[in-house]
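These are my notebook entries from one sitting with a single model. I kept them in the order in which I looked things up.

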Amino acid sequence: MYSTKVGMLRGVLASVKEGQLLDPDKALDKTGKIVLKNGLVVDPKNKIEEVLDVAISGDEIVEVGKDIYVEKGDMVIDCEGLLVVPGLLDMHLHLGDLFEVSTDPIYGAAADGVTMALSPGAGNTFMAPSLLGAEVDRGVPINLGLYQGAASVLSTMLSVEELIKLYKGELEEEIASSRMTRNAITNTTAPLIVGIKDHMGHFLMSNENIDKIFEITSKAKLIYMTHTQDPEHAIRLIELSKGRPIHLGHATAAGCGTHKDAVESMKIIIDLCKKENVTGEFVTTMLREGGGSREGLIMPKKSQELAYSALEQGIVDVLISDGQNDATMKGFGDTRDNIPAILELAEMGVLSLSNSVATMTSNPARLIAERTGNGWWIEKVGHLGKGALANVTVINREVKSAAYTIVNGEIVGFESRAVRRGSGAGGFVSKFGMVKRIGVGDLVMFSYKR
């Protein structure tokens with residue numbers, strides 16, 4: 001009836017022939033390699049902005065170059081016309097906090113190109129690493145870590161000196177079990193955080209207790225993050241820091257005018273970020289030309305211009321989402337605005353494309369490495385060099401969204417939706433580095449013979 005021959009795809013798809021099941025997957029000699037072909041690779045750390053191929057084997061980048069040879073059994077992804085960048089690192093993204101029952105921010109983040117995220121829980125306790133770790137063990141599509149809530153850090157019988165030893169992994173078992181908790185799981189996993197966050201919206205701490213937190217974070221090499229919205233709170237925290245490191249979380253929130261004049265507040269925060277011991281981060285949603293997600297706080301144009309200038313001058317060089325907006329523990333932004341904001345900052349001429357990509361890749365990796373004193377963060381995260389973790393975000397610039405999200409060598413997102421088979425790709429990250437499993441989620445099912 002039709003002259004055009006369509007044929008069959010028996011070498012590609014499962015089928016039946018002569019009463020026998022044909023399994024094309026079984027017939028392949030698997031290399032385990034993924035090759036991203038002909039994408040515009042932008043790797044700020046390694047100063048690459050060129051059409052190249054990227055090869056992944058297992059959970060690592062093994063090669064970046066022209067015309068990488070493709071073997072039988074390689075998985076090839078055509079990235080012509082797409083942007084290939086290091087996996088987005090969102091160092092301030094609320095994930096599964098409090099009563100998170102109606103939304104799934106972890107899978108939303110994966111769909112939006114995030115490959116690694118640090119969650120500043122609303123009131124995280126010493127149990128937080130074991131609770132989040134159990135979720136990682138059961139299967140999540142991105143690499144996750146967290147900050148502990150500042151008030152809970154001081155809630156036990158442990159002294160400041162003992163808390164410093166705890167976060168260094170040096171606290172004696174007898175002290176932990178008699179002065180912190182009777183829970184062996186909590187005692188074991190408590191050191192696995194990246195930082196501590198104070199939150200003026202949840203609790204106001206005394207000067208004495210804030211000083212204790214600074215003592216702990218500076219000596220145990222943890223990030224001290226503060227909730228930045230009221231400029232007076234930021235000024236107070238920086239005065240109490242006495243030159244010790246502090247990071248101003250979602251600093252653009254101050255420029256939305258919730259506590260005093262928006263422009264005046266933004267100027268104050270930017271001036272604070274010029275201090276040697278102070279770093280800050282801006283929310284992607286708030287930087288978008290159209291204001292981004294309307295569920296978050298909106299920056300007036302004059303505040304936006306101040307933020308753009310701070311980015312141009314390098315006063316602030318880290319972007320975060322703080323999302324998801326529709327989550328129970330909602331942030332001021334949304335991961336859906338991350339890629340559009342990165343592209344729009346380059347389109348507006350605020351930053352070069354490479355510098356804009358760096359704000360959610362190599363820059364936060366460098367900052368975390370500096371604050372934690374751990375070179376793992378810059379060796380393995382935030383770039384596409386040989387030996388780096390195979391975390392890659394492939395961007396469709398035309399529609400400003402993630403075409404592919406690759407985490408530890410597994411495809412976990414495709415065309416702005418999570419890929420369910422990637423649910424177990426993620427790992428747990430701490431200031432010391434990353435593990436694929438913590439073990440808490442497996443305790444009730446099995447244990448390993450050692």
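**Entry 1: the whole chain**

I began with the surface, and the accessible area of the protein comes to about 19800 Å², with 51% of it belonging to carbon and sulfur atoms. I note at the outset that this is a predicted model, and I read every value below in that light.

I then looked up the secondary structure, which amounts to 16 helices and 21 strands. The radius of gyration is 23 Å against the 22 Å that the globule rule gives for 450 residues, so I put the protein down as being as compact as a globular protein of that length. The C-alpha trace spans about 85 × 60 × 40 Å along its principal axes.

For burial, I find that 58% of the 450 residues count as buried. Among the contacts with a separation of 6 or more, 71% are between residues 24 or more positions apart. I also looked at charge: there are 47 positive and 58 negative side chains, and the centres of the two sets lie 3 Å apart.

**Entry 2: the cores**

I asked which residues touch the most other members of the largest nonpolar core, and in this set of 109 residues they are I142, Y167, F282 and W377. I followed F282 further and, leaving aside neighbours within four places in sequence, I listed its contacts, which include A251, T252, M266, L287, A307, A310 and L311, as well as V316, V318, L319 and I320. Apart from this core lies another, of 19 residues, and C79, V392, V394 and I406 are among them.

**Entry 3: two covered helices**

I turned next to helix α5, residues 160-167, which is mostly covered, with 6 of its 8 residues buried. I noted these as V160, E162, L163, I164, L166 and Y167, and the last of them, Y167, is one of the residues I had already written down for the largest nonpolar core. What covers the buried residues of α5 includes β10 (143-149), α4 (150-153), α6 (173-179), β11 (195-198) and α8 (207-220). After the helix comes G169, whose phi is positive, near 80°.

Helix α3, residues 128-138, is also mostly covered, since 8 of its 11 residues are buried. My list for α3 reads A128, P129, S130, L132, G133, A134, V136 and D137. I find these buried residues packing against β10, α7 (184-189) and β20, and β10 is likewise on my list of what covers α5. Just after α3, G139 takes a positive phi of about 120°.

**Entry 4: two buried leucines**

I looked up L83, which sits in strand β7, residues 83-86. Is it buried or exposed? At 0% relative accessibility, L83 counts as buried. Not counting residues up to four places away in sequence, L83 touches L40, V42, L343, L353, T393, V394, I395 and R397, and V394 is one of the members of the core of 19 residues. I also took a distance from L83 to G427, which is 344 residues away along the chain, and their C-alpha atoms are separated by 25 Å.

The second leucine, L351, lies in the loop between α13 (338-347) and α14 (353-358). I checked its accessible area, and the relative value is 12%, so L351 is buried, the limit being under 20%. Leaving aside neighbours within four places in sequence, L351 is in contact with L311, E312, L345, A346, S356 and T359; L311 is also among the contacts of F282. From L351 to S309 I find 42 residues in sequence and 9.8 Å in space, C-alpha to C-alpha.

**Entry 5: backbone points to revisit**

I wrote down a cis peptide bond from G323 to Q324, with omega near 5°. Q324 is found in the loop between β16 (319-320) and α13.

I then noted positive phi values in residues other than glycine. K242 has a phi of about 50°, and I place K242 in the loop between α9 (231-241) and β13 (246-249). With a relative accessible area of 62%, K242 is exposed.

E415 likewise has a positive phi, near 50°, and E415 lies in the loop between β19 (410-414) and β20 (428-430). At 38% relative accessible area, I record E415 as partly exposed.

Conventions: Residues are numbered from 1 along each chain as its sequence is written. This is a predicted model: local features need pLDDT of at least 70, side-chain atom pairs count only at pLDDT 80 or more; totals for chains, interfaces and linings use all residues. Side-chain values use heavy atoms; hydrogens and water are left out. Buried means under 20% relative accessible area, exposed over 50%, partly exposed in between (1.4 Å probe, protein chains only). Helices (H or I, at least four residues) and strands (E, at least two) are DSSP runs, numbered from the N terminus. Contact means heavy atoms within 4.5 Å. The radius of gyration is taken over C-alpha atoms; the globule rule is 2.2 Å times the number of residues to the power 0.38. Accessible areas come from the Shrake-Rupley method with a 1.4 Å probe; for residues, only the protein chains shown count as cover. Lys and Arg count as positive and Asp and Glu as negative; His and the chain ends are not counted. The place of a charge is taken as NZ of Lys, CZ of Arg, CG of Asp or CD of Glu. A nonpolar core is a set of buried Ala, Val, Leu, Ile, Met, Phe, Trp, Tyr and Cys residues joined through side-chain atoms within 4.5 Å.
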